[in-house]
Structures are given as C-alpha cells and as structure tokens.
Amino acid sequence: MAKAPVGTKLRDRIGSITSGTVAWIYAALLILPFYYFVVSSFKDNDGIFESPLALPASWDLDNFVGAIRQASLGPAIANSVITTVAALALTLLLALPASFALARATGRAGKIVEGLFSLGFLIPSFAALFPTFLLAAAMGLFHTRTFLVLLLPATAMPLAIVILTQFMRTIPRELEEAASMDGASAWQVMRQVYLPICIPGIATVLLLNFLSFWNEYLYALVLIGPDTAQRTIQVALPTLKVDAGTDYGMLMAGTLFTLLPVYLVYTILQRQMQKALVSGAIKG
Amino acid sequence: MAVLVEEPPVRSAGTPPRPSRRRPAVGTARGSFPTFAIPALAWYGVFMIGPVVAMIVIAFLSWPGMLVTPTFAGLDNFRVLFSDETFWAAVRNSTVQIVIGLPIMIVLAFLLAFHVVQKPRGHRVLRYLLFIPALISAPATAMMFYAMLNPDGLVNGVLETLGIGGKAWLADPATALGALIVVDLWAGIGYSAVLIASRLDGVDGEVVQAARMDGAGSWRLAWGVYWPIARDFIGVVAMLQFLSMLFSSAQNVLLLTQGGPGTATTTLSYLVYQKAFVDTDLGYSQAVGVVLFVFGLVGMFIIRRVLRKTH
Amino acid sequence: MTDGISRRTLLGAGLGAGLLAPILAGCSALTPASSGPGTLSVHTQLSGAVAGAQTFTDVVAAYRRRTDRRVALLSNGSDLPIVFETSSLAGKEADVAIVNMVGRTLSWTGEHATVPVNQYLDDWGLRDLIIPEAIDEWTDPEGRVRAFPFTRTNWPVSFNTALLEQAGVSEIPTTSDQLIAAADRLRAAGIGPVTVGGSDWSGQKLLMQVIQGFVSQDEAATVFSTGKISESAGAVRGVQHFVELRDAGVFVDSVQGFTSDSELTQFTTRKAAIVPAMSSALALVSKERAEEVTVGGWPVPSKHAAIAHPSVIKSYNGHGIWISENGRDKLDLIKPFVQYLYSAAVTSEFVLDSGRDMSRITETVSRDFPLVAQASKLTDDQVTPVMLPDLLVPDSAYEPMIRATSLAYGSGTSADRIIDLFERAYTAA
C-alpha cells in the first residue's frame, strides 16, 4: 500500500500533540479546582479572595467544625448512609427475582415486561418531580426518608434489570435442570444456581446505584425537606450558601467533608467502579 | 451527569424464539408469565410511570397555586406557554446548551480517550483522574464552582495575574449560560472519556498495527481507525450525556444562578422546577414538562441518526 | 475471583462497621422531627448562618431542658415559604413558622394556611409587651394580625470610610451629586462603589427606596400596591434618577447578576465601599471591618427630592411567629413556647448575643455589635425613614418584579422600559 502523503504527516504530528495536550490540560483543569477548594477549606473569606492559590496560614479545622455544626452534617451523613443502604437493598430485592423471571420467561408477556422497563430512560427526571411529591403526600409519606427509600429503587429498576437479566441468561439450562431434578423449588434454584453466577452483575448494580443514590439531590431536597434529622448530606451542603454573606471557607470545608465517603469508596474500588459504569452504559 | 439510562435491548441471537404452544406453563417455574417480576413492575409502575402520567394530566389543568384547587383548562397552558417569552428563552437556552456543549464534550472526550488508550506515560494517573468528576455530586460541584466563579474568586484571580480582566461569570447575562456549560463540560468530559476509552480498549490491536505500518499518524489513527469502529458506542455515550444535560440542568441552575440574571440561564428543565416550586403555576410547569419530554425524544432520534453504525 | 470476593466482603464489612458506628451513636438525632403528638414542630428562618440563628437554637434548647417538652426545629432560608406551602398542601406543615411578611406569606392568613393571632395577643398577655407600631404593621387590611412580630429590621447604608479616604473622598456622600462624585473617585482608585444584589430582593429594595426619595409615603403606598409608576410623576422621576445613577457608574460592574450574598462578600472583603444591607447582616461583619465602617442613609436626591435627609428603610417586618392550621390543634403547646420567646431574658439574649433588633419592648442595647447599635441610633435629623414595600406588593407580583428589577440594573435598560417591566409584573400575575 502507498505511504501516506507528506501533508498528513504534519497533521498527524499535530494530532498527537493535540490529544496529549488536551489530556493534560484537562487533567490540570481537574486538579486545580480541587487544590483550590481543599486549600480554601482552611482559610477564611479574606484569605480566599485575596490569595486564592496560596497555602493556608494554618491547618486548623475551625471551618470543618463550623460547617458540621451549622449545617448539621453529622446526622446528614448518617441519613445518606441509611437511605442509600436501604434503597440498595430494596433494589436488589426487587430486581433479582424480576431478572430471574425475565431470563427464564418464554413468550410475549416476558418480552413486553422487558420492553416496559427499557423505556425507563425516556422518563424526564425532574419534570415529574411535582407529581411525585403529590404521590408522597397521598401516601402520607411526605417529608420522610422512607419515601425516598421507596422511590429510588424504582428509578434504578430499568438498568438493574437489564444488567441482571443478561447475566442470568448466560446460565446454561442444564445446570438449572440438574437442580430441579434434585427437587429444588424455584426459589432454591434462584439462590443456589443463579445468584452465585450473578455476583459480578450484582456488584455492578450496587456500585452504579451507590453513586446515583448517594448523589441524589433534587428529589431528596423536595421530598425529605428541611428536617435536619432526616435530610441527606447533599441537601444539607448547599445550606452553607447563605443570603446573608456566605462563609466560603466553611462552604468549601463542608464540600470536602461530603466528598470524603465517595472518594474513599472510589480509591478502594476504583477499577470495579469504572468497570461498573462502563458496563452500565454498554448494557444500555 | 450520572443518569441511569439505556438503549432498548438488542434482540440477542442467543435466545432462539420458542413457540409458546409447545411447552405448557404448568407446575414448573419456567412459566410464560414472569410472576417474580411483578413486585418490580408494580414498583416501577407506581413510582415512575404514575408520576409521568400525572404530569401529562396536570398539564391540562389550571392550578395556579399550591393551596388553590385545580380546574380543567384544556389547552390553555400550552397556549400561554407558546406565547410566553420566558418559555422561548428557555428553549433557546436549552438548545444553546446542548448544541454547543454536547459536540464539544464528545469530541474532547474522544480525543482524551484516544490519548489514554495509546498508553502514554502517566496514563494510569490520567485514568484515575478522569473519573473523579463523575463521582462528585451536583451540589458539591456547584458549590465548588460557586466559589471559583465568584467575582473575587479563583478564576478571576488567575485571569488577573495573567493580565486579562476578570468578569462576574455567573452575574453577567452574556457569560452566565456559558459558565453553566463549562460546569457541564468539566463534569462530563472525564466520565465520557472513561466510557469511550473502555470501548477503544476493545479495538483489535491488529487493525491498529496495520494502520500504523501503513504510515498512519495519530490524527488518521484517531479519526480514520478508532472513530468509525467506536462510532456506535460513542452514539450511546452522546445520548446518555444529552439526556443528562437536558434533564438534569435544573439542579445546576438551581444551585448556581436560579435561572438568572433575568432569564439568561433558565433552561427548560429549570423552568419546570421554577414554575412548580417558585411561581407555583403548576399546570404551566407540567406543560413544560411535556414539551421537555418531546424534546428528549426528538434529540435522541437525531443523535441516533447522526452517530449510527456505518458498517 | 473468590479472592476478590472475600477481600471485598472484608472491606465492605470494615466500611460498614465504620459507618454504622456514628449512626448508632446519633440515633436519637435521626428521629423525624414531627413524630409524636406531644412534639411542637417549628419551621424557622432563623437558621444557618443568619444572625440570631445560634441564639435561637440555644434558646430552644434551654426551653427543652427547662420544661422537658419536645420541640422539633425545621430550618430553611429564603425558600421557607415555598417549603411551608408544599408541606401545607400535603397536610404536614409545621405547627409554628418563623418567617417575615413577603410575597407568598402575605396570602397565608387569607388562604387559611395560618391563623390570625389577635385573640392570643390578648389571652396570652403579649399585647403589652410588643411595640404597638409593630403590631400595626403586622395587621392585614381586614384587621387580622397575621403573626406575632418577633424581630424587626432596618436597612441602613454602610460606608467603608477607610476605602473612601483611600480614594480621596473625605466625607460620606449624603446627596446624589456627592454620591456620583464619590463613585468617580472610587472607580479611579480601582475600588467598587455601590454593591447590591441586583438579581434578587436586595436590589429590588434599593430601587424602590430610590423611588421613595421622590414621593410622599402615601403616594409610595399607592404606587407599590398598584404598580402604576407611570401615574405618579414623582415615581417616574425616581426611576429616571435611578437610571441616571446607574449610568454614572454608581453601581459596581455586573451588578445585575449579584445576589445579597455576593454584595456582602464584596463589602466585607473590601472590594466595594458602599452597601445597603439589613441591620442583621451588619451583625455578621467582623470587628476589624466594623471599625472602618460608618452607617448612614441612601443619599438624598440633589433635585426634586421629596425627603429631607438620606433615607433608611425602617420596618417591623423582621421575623414573625405564625401559627399554622396544624398548630391550631396544639395551642396548649404553643402558648408556653411563645410566652417564653417573649420573656425579657430571651429578648435580651437576642439583642446582646446576636445583634438582632427585637419587636418586644426592651431597654437592652447591643454592645458587641457596633454597626447594629449605630444603625439603631440614627435619628430623624440624620435620616428619613421610608417604608419597606414588601407588605404592599401583591404576592403574585413579587417574583416577576424581582426579575423586572434585575433587568433594571443592566446597563442599557431605559427608564421607560423599566417602568413598563415593573407595571407588567403586576398585571402578568
């Protein structure tokens, strides 16, 4: 085959420089804000605005204490943990049997149900916020964590079911028939045959939704409301931004505090998390 | 940003269609109706489908205040909508946000992914970093940018040391929307790049080798080899981000500018929130919701066409 | 794979235990606020970083300890009215709301979201304890007292004298001509002149304050309740004066996008020299900054003025204690709580510890909050009091008007367009 003409050589050189530069510029644009806000967490307003990039004069934790006290971040983190864990559990409780059934279902009913779930992504989130509020009110669960715990799994159903169904479909019929011949009930078949093979899928669903549930803001804001004893960390954080003059040091300290749990999980489970998100999109 | 979305499942070649008549659905759990799926279905129906149906119903009601009783209004809400300049401002803003933001995001994400996949020096660090914005919730990102974009904040501080004047980014109607697009890009490029990189990882090494031996440099490699192969997947990523930008902009706007100054940053999704929870014009709000829904469908269709599989 | 699973399970267990500990420790802190019939739920705007928030929390905690009763606090900022209304729609609003009269809350009494307190003022022995003018201000046109007036406020203008001197301005401007001259000097010295939250309620207040420099208080009342600026020659002049000030560069650049938050930050970090703000915001200014600040009024117009001195908005419209429909069933719980809040001791605590001005009659004057004290000491010879228009602006016009005023702060908006937008805000509702 003929060699590439000279003109494109220049383009190629530019190309490699460009993508490299883009990459490192973006990396810098990622690191800089983080540096700024970590450093600002230890300063007061004057320090933040006078010399934004300078290291703080002292590393005392005043801003953190202030932020935690003022926005009641302690209960807020606990609430985030409670709602996230409960919602994750409920998601699995609903999705596993459903994917089990769908993976083994024959006939049109199964296909229709699966199709219904896959339409989930078309739902304009936030547009249906007000009707969801009405639902909560009708159920008498307005301004409770409970409603959010009930709602979140529903939003996670489509993707969870698609991922888990695909896993369950890979199980060869022979394995299952062997188990049923041994006299196992459907329930036991699910537990002993399907579940172990689905562990990667389950992990994916858990990681994906952990992020999604933990970071949920708008619904938590409206549905749980102002009760400091119930609100999650995402709702509590913006309360540090005040009409009467924000203390930016405390705001940044509070932000840093809310990011720690997620960052911890990410550092430990980095590869799994990335894989989860990727397969989430691929399955979709 | 991280929105749970998916494409309708591709009919997998692995499950051969089974004529339902042959096997009677009796006794065994392998019945033709997925009973175990009923709880999930019920949940989904009540919490997701229900509110959407309600949204459509309310769009036809006149409900001008939380404490006021709603009455039927036919197409009134839509009529008011289409003659309201705030609505058209929102349409304009959402369109600008997506038409400018989405292509930039996808192109830059692709370049980033391409670079990382070449495994240059520091690519592991890069992969670690790229993903971090995806972890951060909307409130945390917004608070960070709120401090940075403050008229006396980091961005202006840096610009001033470089000799360029700073601006009130969130305050100036000319730059407010741009600032929001930047926030979207900051958060979304990394995530998109990680997704695309995973797809590019799967490109057959031999194809790449062949192209290189052919004398292809980076540019041709990226656009001539990787892009066509990954195009379909990139289309999926584009749809994901499109939906995210369209539907989730309400959060960022609420946290940063509340639609202002004037209507400079009122996007369609924020308009739904604002009309419901600030102006409490509930019928109008849900009517905008319906429009948003349609917008979403149209946009998905367009992206699908543009980034279809070519081979 | 099994290795991975067991490692992960271990990690999971460790993380779980680490996270569960604080939960179990703080379990009581996680019980929902409105649980139990014996609990009084209070939805308060005195929360977060606002002046008086900590005092209020302390005061309520002391009440709990002393009476062994349960009081649950729900907090919101400027979004309190909408959250309260959403709760009301769900039938789950708090028993007591602590918020000012503005926009949405003006319709609460009429829509029976809250109950009038006329009777309780007398029955609970509170009428004699509260400043009569405050009660008047909190009474609606039908004679119903909307809520118990709790905190009050004035809105002086703060001048950073150190920055002014730096720019070569030796005296605080008291007329509009002086203000324009001072602004020129400040800009030449690279300092922002007047900063205000053009995009929210703080900017709206200033615009209406400027208008009040040209009309009598009665005429102002008419203009603000009907919105018909064009029918008042004085009000039209007011808008034109505003445009004149704006175009002369009196406001900092991009003012139309600022919020009350950014205006105060600008002032306290010395980026701008002049800010009109609530006295309660002044309580939050640091001591060292307060030393270089003098408090005064908005400069009187040099021509056609209807007032004698620089203007300061004076109002009893701070926070009020409202009783909701749900609260109507818990009057036995509310009565001791409210009486407690109006006790002399609590009032003094607010004045001294948080720098708030209270509507409860008291002799206590704030010592540690020099600017608040300065503001309350301004006499009628120094400043002319003007009204806070919040009470007159109809609920439905409130938000559209704020959007209209934010456009007014943008350079290039003519006086005629401002008047038009203003009037349309009233009719569009």
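How much area does chain B expose, and what share of it do carbon and sulfur atoms supply? Chain B exposes about 12,900 Å², and carbon and sulfur atoms supply 65% of it; accessible areas come from the Shrake-Rupley method with a 1.4 Å probe, and for residues only the protein chains shown count as cover. This is a predicted model, in which local features need pLDDT of at least 70, side-chain atom pairs count only at pLDDT 80 or more, and totals for chains, interfaces and linings use all residues. Residues are numbered from 1 along each chain as its sequence is written, chains are lettered from A and ligands numbered from 1 in the order in which they are written, and side-chain values use heavy atoms, with hydrogens and water left out.

**Chain A**

- Chain A has 13 helices and zero strands, where helices (H or I, at least four residues) and strands (E, at least two) are DSSP runs numbered from the N terminus.
- The radius of gyration of chain A is 25 Å, whereas a compact globule of 284 residues would have one near 19 Å; the value is taken over C-alpha atoms, and the globule rule is 2.2 Å times the number of residues to the power 0.38.
- Along the principal axes, the C-alpha atoms of chain A fill a box of roughly 75 × 75 × 35 Å.
- Of the 284 residues in chain A, 62% are buried, meaning under 20% relative accessible area (1.4 Å probe, protein chains only).
- The accessible surface of chain A is about 10,800 Å², with 67% belonging to carbon and sulfur atoms.

**Chain B**

- Chain B contains 11 helices and two strands, and its pattern along the sequence is α-β-β-α-α-α-α-α-α-α-α-α-α.
- Buried residues account for 58% of the 311 residues of chain B.

**Interface of chains B and C**

- In this interface, 20 residues of chain C are in contact with 16 residues of chain B, contact meaning heavy atoms within 4.5 Å.
- Ile82(C), Leu89(C) and Arg403(C) lose the most area to chain B in chain C, together 25% of what that side buries.
- Chains C and B bury about 1,700 Å² between them, 57% of it on carbon and sulfur atoms; buried area is the accessible area (1.4 Å probe) that two parts lose on being put together, summed over both.

**Rings and charges**

- The charged end of Lys241(A) sits over the ring of Tyr146(B), 4.5 Å from its centre, under the criterion that NZ of Lys or CZ of Arg is within 6 Å of the ring centre and within 35 degrees of the ring normal.
- Lys275(B) lies over the face of Tyr284(B), at 4.7 Å from the ring centre.

Definitions and conventions
Buried means under 20% relative accessible area, exposed over 50%, partly exposed in between (1.4 Å probe, protein chains only).
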